Amino acid sequence: MKSMKNNNHHKHRRPLQLPLLLLLLLLLPLSESAQRARRGWWARGGLPVVVEGEEPPEGEVEDMIASTLRRQLPGCHKVIVSDRHPVRNVMKALGEEVFVWEMQPLLASLPPPRPLLRTTHRQGGAAPLCVAFVILAPLQVVAAAMEGLQRGEWFQGARKLVFAYTGFANTSLEAAVERHATLRSAYGTVLAAWTHSREAKASAPSRLYQVVTTCPYCKEGGPNAALVDQWTPGTTHVTEKPLYPDTFKNFHGHQFKIVTLEYAPFSCYTKMEDKEDGDEMHGHGQEGRKRRSRLELKDCVDTRMLRAMATSLNFTYVVREPLDGQWGYRLQNGSYTGVIGAVQRLEADFSLNVAFTGDRERVIDYTLGYYNDPLTFCTSPPRPLPRVLALVRPFHPEVWAGFVVALVAVGSLYYAARKLENSSSSVPSFLATFLKIYGSCLTFTSATGEPQLHVATSDFFPSEIGWAMTPGCPFRDKFNHQIRRLLEAGLLTRWLNQLIHDPGRREAQESEEPQQAERSQQPLTLDHVQGAYYVLFIGYALSGPLFLLELVCFSRYHLS
């Protein structure tokens, strides 16, 4: 009876346990979502320590972003890239048309799939299009997105600036950016986050907004991150200060890596020293550890341009050759070799003179063209003709036929005239007269000789010469401005004329000409004079029967 009573008791308690379990299961996700809300959406950024705090009230962050973009980037086209952050409120606060892209599809589809987003854009004549990327994502995700947005194929040729809001930060935003190599070396980038204010009063908000800017060449030529300002809600914030200054006026002694090949009179150099080095410009691993040379530029057009720009913009440089020694052609996988490949793979910051082609422009950027160097066809000279017919090749058969007729007629008239003029004792024989006239007609020389190359008389491709820059190079416009100043001042034309007509260079070339002439001289062989021997043998073949005929006639004359 007791067991039955206990069993009945448990039967009455089971319906009560089931609702309690369901209630606990419902409350557990709510408690986790509440904790996530207290931490803020930045908690998914992967920071090691998370300090709980209240999320800013609705509209506070959106107003901060909108006011910053209106003051700092007026006229720039806005592209919002969000990672689970509400975008509608930001669009409403901006009050203008924007382009919205979700973070995960963006990272999965780099470069952009739409051709419009890869087009070189210009506005207002030569002014580049200004595009402002507004990234709403954690710090690590911002770094991954910026590599594809700023240095990728998005809006090629445009001025691309970034404003990133990273949410809650449990440490100093400046220190976090400084530890990240990609963010620290970014250009035109402003990052904003909020944290707890240690000096907050009970009646004041406990949130403290921090804004950090980056500069790739400001710290002794290296990257740097700096805290621009910080403020609490309700006070004047950083939008009153300039956030996007021109950081490319002064490179602070930064050393650029340049790749080039010799192409006089634009690029000339001498190899200074050989050393074993794994420089990234020449590959990685064992392939990169090959013997290479450091180049010292000689006096040429590109050397003068580079020195003038280095003095104006305060940078240094080191020049190398590509490992394969090629200008660059496209492989089947889409990559390039040589100079173009080194710039495409970011192994070099830029190159010296290269020819502009549409195929190369898909993977690299070009500076302003400073010289027209059209392409044409060059072929090697034809092989030497057989020297057997060297004496008869100068004229066509018809000419030789007329020559023989004229030779016989003139020879006969000349012989008759000499015979009438002089006595029979001093008149030369008919054969001597014939040979004299024939020898005088065959006396001719060649004035110039054969050239080393045969160059076509017309061009088939109007090519320009410029410098190759890395894709999305941020300082290309600054270099274009310097090249344009050199062109407008007439210095490039003057330098080119000086180098072409330089007396010292011509003396050096003239001193090398005798050595080249000595190397080009060849001793005469039987192959060179075989034509003369053939003529001699033909003369023997003709003179032999004639001599025999003369002997026969002479003997018959005496016998008669």
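**Entry 1: Methionine 309**

I looked up methionine 309 in this predicted model and found a relative accessibility of 0%, so I recorded the residue as buried, the cut-off being under 20%. Methionine 309 lies in helix α9. I then asked which residues methionine 309 touches, leaving aside those up to four places away in sequence. The list comprises Asn314, Phe315, Trp467, Phe479, Gln482 and Ile483. For one of these, glutamine 482, I also noted the C-alpha separation from methionine 309, which is 6.6 Å although the two positions lie 173 residues apart along the chain count.

**Entry 2: Helix α9 against helix α13**

Two of those partners led me to the next helix pair, since I wished to place them. I took α9 as residues 301-313 and α13 as residues 476-488. How do the axes of these two helices cross? They come within 11 Å of each other and cross at roughly 120 degrees. I therefore entered α9 as oblique to α13, the range for roughly perpendicular being 65 to 115 degrees. The crossing is right-handed.

I next listed the residues that meet. From α9 I have Met305, Met309, Ser312 and Leu313; from α13 I have Lys478, Phe479, Gln482, Ile483 and Leu486. By class, the residues of this contact divide into six nonpolar, two polar and one charged.

**Entry 3: Serine 312**

I returned to α9 for serine 312, which is placed in that helix. Is serine 312 buried, exposed or partly exposed? Its relative accessible area is 37%, so I recorded serine 312 as partly exposed. Residues up to four places away in sequence aside, serine 312 touches Lys249 and Gln482. Glutamine 482 thus appears in my notes for serine 312 and for methionine 309. I also checked asparagine 250: its C-alpha atom is 8.2 Å from that of serine 312, with the two residues 62 apart in sequence.

**Entry 4: Backbone points in the loops**

I turned to the backbone, keeping in mind that most residues other than glycine have a negative phi, and most peptide bonds are trans.

Where is the cis peptide bond that I noted? It joins alanine 264 and proline 265, with omega at about 5 degrees. Proline 265 is in the loop between β8 (254-259) and β9 (269-277).

Glutamate 220 has a positive phi, near 50 degrees, and is not a glycine. I located glutamate 220 in the loop between β6 (207-219) and β7 (222-231). With a relative accessible area of 76%, glutamate 220 is exposed.

Leucine 346 also has a positive phi, about 65 degrees. I located leucine 346 in the loop between α10 (338-344) and β12 (350-355). The relative accessible area of leucine 346 is 45%, and I therefore entered this residue as partly exposed.

**Entry 5: The protein as a whole**

Finally, I recorded the overall values. How many helices and strands does the protein have? I noted 16 helices and 17 strands. The protein has 560 residues, and 37% of them count as buried. Among contacts with a separation of 6 or more, 70% come from residues 24 or more positions apart. The exposed area is about 34000 Å², of which carbon and sulfur atoms supply 57%.

Technical notes:
Residues numbered from 1 in each chain as written. Predicted model: local features only at pLDDT ≥ 70, side-chain atom pairs only at ≥ 80, totals over all residues. Heavy atoms only, no water. Helix = DSSP H or I, 4+ residues; strand = E, 2+ residues; numbered from the N terminus. Buried < 20%, exposed > 50% of the residue type's maximum accessible area, 1.4 Å probe, protein only. Contact = heavy atoms within 4.5 Å. Areas by Shrake-Rupley, 256 points an atom, 1.4 Å probe, with all protein chains shown as cover. Axes fitted to C-alpha atoms, helices over the stretch in contact; angles between N-to-C directions. Parallel < 35°, antiparallel > 145°, perpendicular 65-115°, else oblique. Left-handed = near helix turned anticlockwise from the far one by under 90°. Nonpolar A, V, L, I, M, F, W, Y, C, P; charged D, E, K, R; others polar.
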